[in-house]
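Trainee: I have a structure to go through and I don't know where to start. Can we look at the core and then the sheet?
Mentor: Fine, put it up.

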Amino acid sequence: MGVYQDLGLQPLINAWGTVTAVGGSLMAPQVLDAMREAAGAFVDLHALQRRAGERIADALEVDAACVTAGAAAGLVVAAAACAEEAAEQRPPDDGRPGECLMLRAHRNRYDAAVTAAGLRVVEVGSGDEVTAEELRAAVTDRTALLLFMAEAEGVAGSLPLEIVAAVMRERGVRVVVDAAAELPPRTGLARRFAAGADLVVVSGGKEIGGPQSSGMILGGVELIDRCTALAYPHHGIGRAMKTDKETIVGLMTAVELFARRDESARFAEWERRNDELLRGLRGVSGLEARRHLLTRPGIQPASIPRVYVRPLHRTAAEVAAALRTGDPAIVVGVDGDDLALNPQCLSPAQVQPLLRAVIAACAPRVDPIEVMNFH
Ligand SMILES: *Cc1c(COP(=O)(O)O)cnc(C)c1O
């Protein structure tokens with residue numbers, strides 16, 4: 001861990017999750033070994049990109065895949081590919097940008113990718129409500145794609161992917177699903193394609209456990225070919241978002257491990273970590289703890305059960321800030337009045353230090369004057 005300490009930085013205990021700002025995820029030794037090996041020889045990057053895409057597609061049981069420098073880069077390339085395809089099908093360009101439809105309730109911090117691809121986002125619905133009819137009416141001859149945020153599927157102002165995709169199909173518009181952080185479960189991928197997605201964009205640096213700066217676009221052969229032609233190492237829009245040979249090999253290795261992983265064993269492991277946390281927090285003063293499975297979007301992926309801790313003497317945000325600057329330094333999620341402890345990135349050895357720190361940070365503060373009077 002010397003590299004971080006040399007920089008005066010504390011390695012973090014991560015009870016937050018696969019959050020990019022704290023490092024995404026950790027890579028398995030097999031992934032690191034494969035990357036080290038990849039770093040030892042030159043290779044044709046075009047051929048590597050193509051072969052890795054085939055292997056990833058096979059492992060995930062999808063038609064085709066294109067490796068990108070993260071899911072956000074995948075969204076840029078996917079949007080550009082849809083725009084290129086749409087531009088070939090509509091009257092000569094008059095210079096105005098193509099349009100990307102988004103349900104207003106789906107707007108998010110990552111949709112800047114669409115603007116980076118030279119498109120204009122056109123919002124549909126009020127944010128609280130939207131109808132299939134509004135969606136249908138929003139399609140123009142400039143519409144290049146609809147970007148659907150998987151995490152927001154269930155919010156007010158959204159529609160099920162099936163309905164959105166059916167309307168878009170009717171109008172000949174591609175649907176790109178941002179499912180960057182929606183794994184597990186693995187079955188989520190097939191579900192989105194069955195619902196009518198043309199492309200699904202996934203982060204390699206989250207649950208998959210690949211390099212943090214890797215991602216992929218999954219979909220049909222023809223559209224993925226278009227993506228690949230725009231992606232690194234071609235000199236299209238993707239050239240500025242480089243995926244080196246180590247990253248490509250690392251992602252492919254991580255995907256193959258992910259595809260074979262015993263997912264139910266992983267869920268069972270998370271439940272055990274949560275049980276240990278709950279046992280340690282039961283009856284402790286200054287807090288209330290409970291198991292919590294998200295029913296609404298907000299903290300991804302919602303499928304992973306959390307331990308929610310409500311501090312009784314200060315706000316969850318204050319406790320989270322104290323944990324972050326503590327020793328050990330710990331990052332946790334905050335969901336309203338609760339700390340959301342996520343077992344996804346916790347090692348077994350980190351559970352007890354986490355417990356001690358949470359209990360200390362939630363303990364009622366003793367007023368020094370009161371202590372003096374007491375004596
Ligand atoms: C993390 C995330 C992204 C970006 O993924 P990267 O692989 O970090 O580029 C995009 N969209 C959503 C919803 C995300 O959670």
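Trainee: Which residues touch the most other members of the largest nonpolar core?
Mentor: Ile56 and Met168 do, in a core of 51 residues. A nonpolar core is a set of buried Ala, Val, Leu, Ile, Met, Phe, Trp, Tyr and Cys residues joined through side-chain atoms within 4.5 Å, and buried means under 20% relative accessible area (1.4 Å probe, protein chains only). This is a predicted model, where local features need pLDDT of at least 70, side-chain atom pairs count only at pLDDT 80 or more, and totals for chains, interfaces and linings use all residues. Residues are numbered from 1 along each chain as its sequence is written, and side-chain values use heavy atoms, with hydrogens and water left out.

Trainee: What is Met168 in contact with, leaving aside neighbours within four places in sequence?
Mentor: Leu101, Leu135, Val139, Leu146, Val173 and Val175, where contact means heavy atoms within 4.5 Å.

Trainee: New topic. What is the strand order in the open sheet?
Mentor: The seven strands go β2-β8-β7-β6-β5-β3-β4, with mixed pairing. Strands are DSSP runs of E, at least two residues, numbered from the N terminus, and two of them pair if DSSP finds at least two bridges between them.

Trainee: Why do β2 and β4 each have one side without a neighbour in the sheet?
Mentor: Both stand at the edges with a single partner strand each, so one side is left free of a neighbour in the sheet.

Trainee: And how many bridges join β5 to β6?
Mentor: Five, and the two strands run parallel. Leu145 stands opposite Arg174 in β6.

Conventions
Buried means under 20% relative accessible area, exposed over 50%, partly exposed in between (1.4 Å probe, protein chains only). Helices (H or I, at least four residues) and strands (E, at least two) are DSSP runs, numbered from the N terminus.
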